[in-house]
Structure formats: structure tokens, C-alpha cells
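Student: I am new to this structure and would like to go through it step by step. May I begin once it is shown?

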Amino acid sequence: MRISEGHSQRRNVGLGLALVSAFAFGGSGVAAKPLIEAGLAPLEVTWLRVTGAALVLLPLAWRHRGLLTRRPGLLVGFGLLGVAGVQACYFAALSRIPVGVAMLVEYLAPALVLGWVRFVQRRPVSRAAVIGVVLAVGGLACVVEVWSGLGFNLLGLLLALGAAFCQVGYFVLADHGSDGQDPADPFGVIAYGLLIGAVVLTVIGRPWGMDWTVLTGRADLAGTRVPALALLAWIVLVATVIAYLTGVLSVRRLSPQVAGVVACLEAVIATVLAWVLLDEHLGVAQVVGGAVVLSGALIAQTSTPKAATAEPVAASAPVEEEREFSAGG
């Protein structure tokens, strides 16, 4: 009984963290769009976001500097895939295909995570997670109204798919860092991941040509002139620092596949915030799609957390066999 209560509490905490992360990530667009309209390029905003967050977490990087020798591969992988790779591939895709199509392809990541867990790691995948992924992807197609921008560009689609694979790396590596006798501290992993991502994005984005005067002025947010630095502070502190911290912690309390489905709510939250703050109206299909994504996330979170599968609870074994597709077939 205590074990069951402990697992339930762990799952609830993980779900809460995943929702906070989805809200934080989803809130980046409403702050970034005014800065882009004020004169900054999307990649420049991304560089400011990642570099600013890396500087904020620099004390954590120093505190966990032992990770550089203990888990260098994990840090480099998280920085290249979970930070720089997702951002670079997504923005490159946007230059070739519509936003809705790029977002939908990127958020195929939860389905790819299920494939990784089932066929690479050869671990069981719960039916709840599978149903949640199907609902989330279907609902997301409605949220982004993918049919309104169906244009085929092979390179653009490949770049969006690259962003999806990088997002898979984010979830898998966030979970992998908790493995073993000496798990990597999540704060240290995030701090070094952002530092490495900032270096890579500096090479790609070449920010030395950026118009820095934009940051000293004001930007238009739903008809209100707000300081550009205030918008940047939101992007750095909330949409990046808090988003990554809560995101990695949620993966370690849930599982990569469940946290990935909940992350699909980012697109819904971004759409709703754009409706409220940027006066971008929602259609019926988007409202219905948002409800479907939410349903998928709720179904997926009923999946047993990874910690629960490690406990030998004989009484629940038959139930677990019905709920999961075993790695052996």
C-alpha cells in the first residue's frame, strides 16, 4: 500500500512539473514574436534565449563541474541535441515549410520515443502511453491546422524531422542521466547543456551582427508597448531556465514516453496564449484539437512510472501484463 501511494505521489509530482514545463516552453512564442517584429531575427532571439539562460545557470555549472569528467558524453549529447539541435533544425525548417507543418512533425517526438523504448531499449510500453500519443498527435494536427499549409518541401520536412529526433534525444538523455549508481545531477546537466548549446548557436547564428538597439527600446504586445528587455527576461528565466529544469525533473519522475506526450500541450498553450495576448483568434478545429491533446496527455499520465516497474508487486502482475506490450512480443 505504501509502495502504491509512493508511486502515485511520484507520478503526480512529475505530472505537475511536466505541466509547468509545457506552460513555460509554450509561453516563449508570445514573448519572442514582438521581439522578432521589432527587428530581431528568429535565430538571434534563440541565441539570446539560450545564452542568457546559460549565464544565469553558470553558478550551477561551476558547482557541478565534476560532471565534465564523470559524464562528458551526456553533457555534450544534451547540449547538441536537447538544446542546439532542436532550435537550429526547427528554425531552419520554418524557412522552408509552414509553421503548422513544422510543429506537427517536431511533435512526432513522443511517438519516436515510444519506438526507441520498445525496439531499441526493448522495454515494455504501456497501452495508455500509445493511446495518449495517437490522440496527442491527432489533436495537435487540428491545433496547428496542418491542412491550411500543406506544402511539400523535402529538405524542410527532413529538417523538421531532425528537430523531432533531437527532441527524442532531449527526453532520452534526461532520463539516462538518472541511471546507474552515480546519477548525474539534473541541474548540472541542464547548466552544461545550455552552455554547450550556446556555443553551437553562436557559431550558427553569428550574433555579432545583431541590432542590439532593439533591446533598449520597446516592443508591441497586443497593442501595449512593453520594454524589450522585459520580454527577453521572460524568455530567458521562464521559457528556458524554468522550462528546462522542470522538464528534466518531470522526465525522471515519469518516463520519457509519458513526459513526451504531456509536452505536446506546449503547442496548445502557445496557441491559447497567442489568442489571449496577441489577439490571434482560435477556430473550432483548434479548440477541439486542444481538447483532444489534453485527453491524450491525461490518458498517457495514467501509465505506470518507470520506478513502479522496478518493484516486485506480485498482486498486480496480471494487471500489468494486460496493460503493457512486452519487449518479447
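Student: Which residues of the largest nonpolar core touch the most other members?

Tutor: The model is a predicted one. Its largest nonpolar core has 93 residues, and helix 12 (residues 228-253) gives the most to this core, with twelve residues. The members of the core that touch the most other members are L40, F78, L194 and Y244.

Student: Which residues does Y244 touch, not counting residues up to four places away in sequence?

Tutor: Y244 is among the core members with the most contacts to other members. Leaving out residues up to four places away in sequence, the partners of Y244 include F78 and L194, and these two are also named among the members that touch the most others. The full list for Y244 is F25, F78, G82, V83, Q87, Y170, I190 and L194.

Student: How many helices and strands does the chain have, and what share of its residues counts as buried?

Tutor: The accessible surface of the chain comes to about 15000 Å², and 67% of this belongs to carbon and sulfur atoms. The chain has 16 helices and four strands. Of its 329 residues, the share that counts as buried is 51%.

Student: Among contacts between residues at least 6 apart in sequence, what share joins residues at least 24 apart?

Tutor: One pair that is far apart in sequence is V30 and A222, with their positions 192 residues apart in the count and 9.7 Å from C-alpha to C-alpha. V30 lies in helix 2 (residues 28-37). For the chain, among contacts between residues at least 6 apart in sequence, the share that joins residues at least 24 apart is 86%.

Student: Why is V30 classed as buried?

Tutor: A residue counts as buried if its relative accessible area is under 20%. V30 is therefore buried, as its relative accessible area is 8%.

Student: Is T240 buried or exposed, and which backbone oxygen lies 2.8 Å from a polar atom of its side chain?

Tutor: T240 is found in helix 12 and is buried, with a relative accessible area of 0%. Leaving aside neighbours within four places in sequence, T240 is in contact with R49, A53, L194 and I235. The backbone oxygen that lies 2.8 Å from a polar atom of the T240 side chain is that of I235.

Student: Where is L173 found, and what is its distance from L75 in space, C-alpha to C-alpha?

Tutor: L173 is found in helix 10 (residues 154-176) and is buried, with a relative accessible area of 16%. Apart from residues up to four places away in sequence, L173 touches L74, G77, F78 and L81. L173 and L75 are 98 residues apart in sequence, and their C-alpha to C-alpha distance is 9.0 Å.

Student: Which residues does T202 touch, not counting residues up to four places away in sequence?

Tutor: T202 lies in helix 11 (residues 186-205) and is partly exposed, with a relative accessible area of 25%. T202 and T51 are 151 residues apart in sequence and 8.6 Å apart in space, C-alpha to C-alpha. Not counting residues up to four places away in sequence, the residues that T202 touches are W47, P207 and W208.

Student: What value does phi of R206 take?

Tutor: R206 is placed in the loop between helix 11 and strand 2 (218-221). Exposed means over 50% relative accessible area, so R206 counts as exposed at 54% relative accessibility. Its phi is positive, in a residue other than glycine, with a value near 45°.

Student: Which residues of helix 8 are buried, and which residue just after this helix takes a positive phi?

Tutor: In helix 8 (residues 109-120), the buried residues are A109, P110, V113, L114, V117 and R118. Just after helix 8, the residue with a positive phi, of about 55°, is R122.

Student: How many residues of helix 13 are buried?

Tutor: Helix 13 (residues 256-263) is mostly covered. Its buried residues include P256, Q257 and V258. The count of buried residues in helix 13 is eight of eight.

Student: Which residues form a nonpolar patch on the surface?

Tutor: One member, W275, lies in helix 14 (residues 265-277) and is partly exposed, with a relative accessible area of 43%. Together the members of the patch have about 350 Å² of accessible area. The residues that form this patch are V272, W275, V276 and L277.

Conventions:
Residues are numbered from 1 along each chain as its sequence is written. This is a predicted model: local features need pLDDT of at least 70, side-chain atom pairs count only at pLDDT 80 or more; totals for chains, interfaces and linings use all residues. Side-chain values use heavy atoms; hydrogens and water are left out. Patches are made of residues with over 30% relative accessible area and no salt bridge: like charges are joined within 9 Å, nonpolar side chains (Val, Leu, Ile, Met, Phe, Trp, Tyr) within 5 Å. Accessible areas come from the Shrake-Rupley method with a 1.4 Å probe; for residues, only the protein chains shown count as cover. A salt bridge is a side-chain nitrogen of Lys or Arg within 4 Å of a carboxyl oxygen of Asp or Glu. Helices (H or I, at least four residues) and strands (E, at least two) are DSSP runs, numbered from the N terminus. Buried means under 20% relative accessible area, exposed over 50%, partly exposed in between (1.4 Å probe, protein chains only). A nonpolar core is a set of buried Ala, Val, Leu, Ile, Met, Phe, Trp, Tyr and Cys residues joined through side-chain atoms within 4.5 Å. Contact means heavy atoms within 4.5 Å. A polar contact is a pair of N or O atoms within 3.5 Å; within protein, one must be able to donate a hydrogen and the other to accept it, and residues adjacent in sequence count only if both atoms are side-chain atoms.
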